[in-house]
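I opened a fresh page for this one. I wanted to know how the chain is put together and which side chains meet.

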Amino acid sequence: MAKGTLVFVKVFQNSQDLGTDDDHLVSRVFYDLETPTGTLAGLFSDVKLTPGADFSQDPLEVSYPEELNGILGYGILRPLVERYYRANIGETGSGIRIGPGCKGIVMRDNTCIMRMAFPVELTSTGKVGW
């Protein structure tokens, strides 16, 4: 299999409420996929937490851009998007640090910019020309 690099660039936190009656999060993570045949730039995944779920323990829902079909599997993408999000926002977040048990936190329209790259196994060596 071919090797590539998933390069995360920023997360836009549209809405996140913790320790409220409406615990939820809706955000978007932006990234590029570098392959041996080119770069697929400007990709993004929506990141959500089901209302009522526990941010510190429950997995985040991650959308899959159709541009990655046949190039990078969802099983590789999803945990890396979550890892990047939590590296920016969460208990160990470098952008917004949120400890367990926090109450009444309401955040809107925050952008965290941090470059983070991960080597990945590609499912296809097809030409990337977007």
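**Entry 1: threonine 5.** I started with the contacts of threonine 5. Setting aside neighbours within four places in sequence, I found Asp32, Leu33, Glu34, Ala117, Phe118, Pro119 and Val120 in contact with threonine 5. I note that this is a predicted model. Threonine 5 sits in strand 1, residues 3-18. I looked up one C-alpha distance: threonine 5 to leucine 33 is 5.8 Å, with their places 28 residues apart along the chain. Threonine 5 has a relative accessibility of 25%, so I logged it as partly exposed.

**Entry 2: the whole chain.** I counted one helix and seven strands. In sequence order I read β-β-β-β-α-β-β-β. The chain has 130 residues, and 40% of them are buried. I then took the contacts between residues at least 6 apart in sequence; 63% of these join residues at least 24 apart. The exposed area is about 6,700 Å², and carbon and sulfur atoms supply 52% of it.

**Entry 3: aromatic pairs.** My search of the whole structure gave five aromatic pairs. I checked phenylalanine 8 with tyrosine 84: the ring centres are 4.8 Å apart and the planes stand at 15 degrees, so I called the pair stacked. The cut-off I needed here is under 30 degrees for stacked. Phenylalanine 8 belongs to strand 1 and tyrosine 84 to helix 1, residues 74-88, so this pair ties together parts 76 residues apart in sequence. Are the two partners buried or exposed? Phenylalanine 8 is buried at 0% relative accessibility. Tyrosine 84 is buried too, at 0%.

Next I took phenylalanine 30 and phenylalanine 44. Their rings form a tilted pair, 6.0 Å centre to centre, with 50 degrees between the planes. This pair links distant parts of the chain: phenylalanine 30 is in strand 2 (residues 24-35) and phenylalanine 44 in strand 3 (residues 38-49), 14 residues apart. I have phenylalanine 30 as partly exposed at 22%. Phenylalanine 44 is also partly exposed, at 33%.

I noted two further ring items. Ring pairs join Phe8, Tyr31, Tyr84 and Phe118 into a cluster. Lysine 10 lies over the face of phenylalanine 30, 5.0 Å from the ring centre.

**Entry 4: salt bridges.** I found four salt bridges in the structure. One of them joins lysine 3 and glutamate 121, with the closest N and O atoms 2.3 Å apart. Lysine 3 is in strand 1 and glutamate 121 in strand 7 (residues 105-121), so the bridge ties together parts 118 residues apart in sequence. I logged lysine 3 as exposed, at 55% relative accessibility. Glutamate 121 is partly exposed, at 29%.

I moved on to helix 1. The side chains of arginine 78 and glutamate 82 meet in a salt bridge, 2.6 Å from N to O. Why are these two about one helical turn apart? I have the reason: they are four residues apart in helix 1. Glutamate 82 also bridges to arginine 86, at 2.9 Å from N to O. That second pair is likewise four residues apart in helix 1, so about one helical turn separates glutamate 82 and arginine 86. I therefore recorded Arg78, Glu82 and Arg86 as a network of salt bridges.

I closed with accessibility in this network. Arginine 78 is partly exposed at 21%. Glutamate 82 is buried at 13%. Arginine 86 is buried at 18%; the cut-off for buried is under 20%.

Note on methods. Residues are numbered from 1 along each chain as its sequence is written. This is a predicted model: local features need pLDDT of at least 70, side-chain atom pairs count only at pLDDT 80 or more; totals for chains, interfaces and linings use all residues. Side-chain values use heavy atoms; hydrogens and water are left out. Buried means under 20% relative accessible area, exposed over 50%, partly exposed in between (1.4 Å probe, protein chains only). Contact means heavy atoms within 4.5 Å. Accessible areas come from the Shrake-Rupley method with a 1.4 Å probe; for residues, only the protein chains shown count as cover. Rings of Phe, Tyr and Trp (its six-membered ring) pair if their centres lie within 6.5 Å; planes under 30 degrees apart count as stacked, over 60 as edge-to-face and the rest as tilted. A charge sits over a ring if NZ of Lys or CZ of Arg is within 6 Å of the ring centre and within 35 degrees of the ring normal.
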